Amino acid sequence: SHSPTSLLHSDSLSLKVFEIYECLFEVYNLKKLYDVKSGNLILLSTLFVKILEYKMPELYVHFSKVGYPIETIIFGWFLGVFCGLNLPYSYICRLIDWWIVSSEFIVFIKAGLALLKVAEDIILWKDFEGINRFLSVWPKSEMPEPDVFIKMAFDVSLTKDEVIEAEIEARVELGLPIKYPNDISDFLVN
């Protein structure tokens, strides 16, 4: 069904995308985050939950009350650099542009908090299954325009000290040693 030319173009495009990702991994030190042995992705997800607890306590309590393991969905968000979310590409592109320009992975924590803030009133009325369905589908009707969303994420107040404190708490919860300088905090915020 594909012509040899389209397959060749497809293969060269795939190669180019791979080269771009490889470059991003080098330039932004993502190997450190995604190294399976390091457990840094689990640490990052737990750190996010700690920040959620500080920044959005009512939502954090609701997740806990209904037994929803928010770190599971957050892990998936970070694993796919938010590309696995059911969001329009215009949101993802703006988010990745912001990350590339800022060179700080904290962009994704701020975006995650902004996403949950947008949906907070809806999520607070849902049970475990309702939350799971909502976060899996993420109705586009519930999202602001992409530029408004990026501004909301940009405006999330999050200091390096808050990130360090959350990392220390996450390390304690996970039974990991406290490291100075803090591995994840330094990775998140330059």
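Biologist: What makes residues 106–123 count as helix α7, and what length would you expect for that helix?

Modeller: Helices here are DSSP runs of H or I with at least four residues, strands are E runs of at least two, and both are numbered from the N terminus. α7 has 18 residues, so it passes that cut-off. The expected span is 1.5 Å times one less than the number of residues, which gives 26 Å for α7, and its 24 Å from first C-alpha to last is close to that. Bear in mind that this is a predicted model, where local features need pLDDT of at least 70, side-chain atom pairs count only at pLDDT 80 or more, and totals for chains, interfaces and linings use all residues. Residues are numbered from 1 along each chain as its sequence is written, and side-chain values use heavy atoms, with hydrogens and water left out.

Biologist: What is the kink in α7, and where is it centred?

Modeller: The bend at a residue is the angle between axes fitted to the seven residues ending there and the seven starting there. In α7 there is a kink of about 35°, centred on Lys117.

Biologist: Why is Leu113 called buried?

Modeller: Buried means under 20% relative accessible area, exposed over 50%, and partly exposed in between, using a 1.4 Å probe and protein chains only. Leu113, which is found in α7, has 2%, so it counts as buried. In α7, 14 of the 18 residues are buried, while for the protein's 190 residues the share is 41%.

Biologist: What makes a set of residues a nonpolar core, and which helix gives the most to the largest one?

Modeller: A nonpolar core is a set of buried Ala, Val, Leu, Ile, Met, Phe, Trp, Tyr and Cys residues joined through side-chain atoms within 4.5 Å. The largest has 51 residues, and Ile109, Leu116, Leu135 and Trp138 have the most contacts inside it. α7 gives the most to this core, with eleven residues.

Biologist: How many helices and strands does the protein have?

Modeller: There are eleven helices and zero strands.

Biologist: Which residues of the lining lie nearest the centre of the second largest pocket?

Modeller: They are Thr46, Val49, Ile70, Glu71 and Glu173, out of 15 lining residues. α3 (40–55) gives the most to that lining, with six residues.

Biologist: How many residues apart in sequence are Leu113 and Val156?

Modeller: They are 43 residues apart in sequence, and 7.6 Å apart in space, C-alpha to C-alpha.

Technical notes
1 Å grid on protein atoms, 1.4 Å probe; cavity = no way out; pocket = protein on both sides within 12 Å on 5 of 7 lines; lining within 4 Å.
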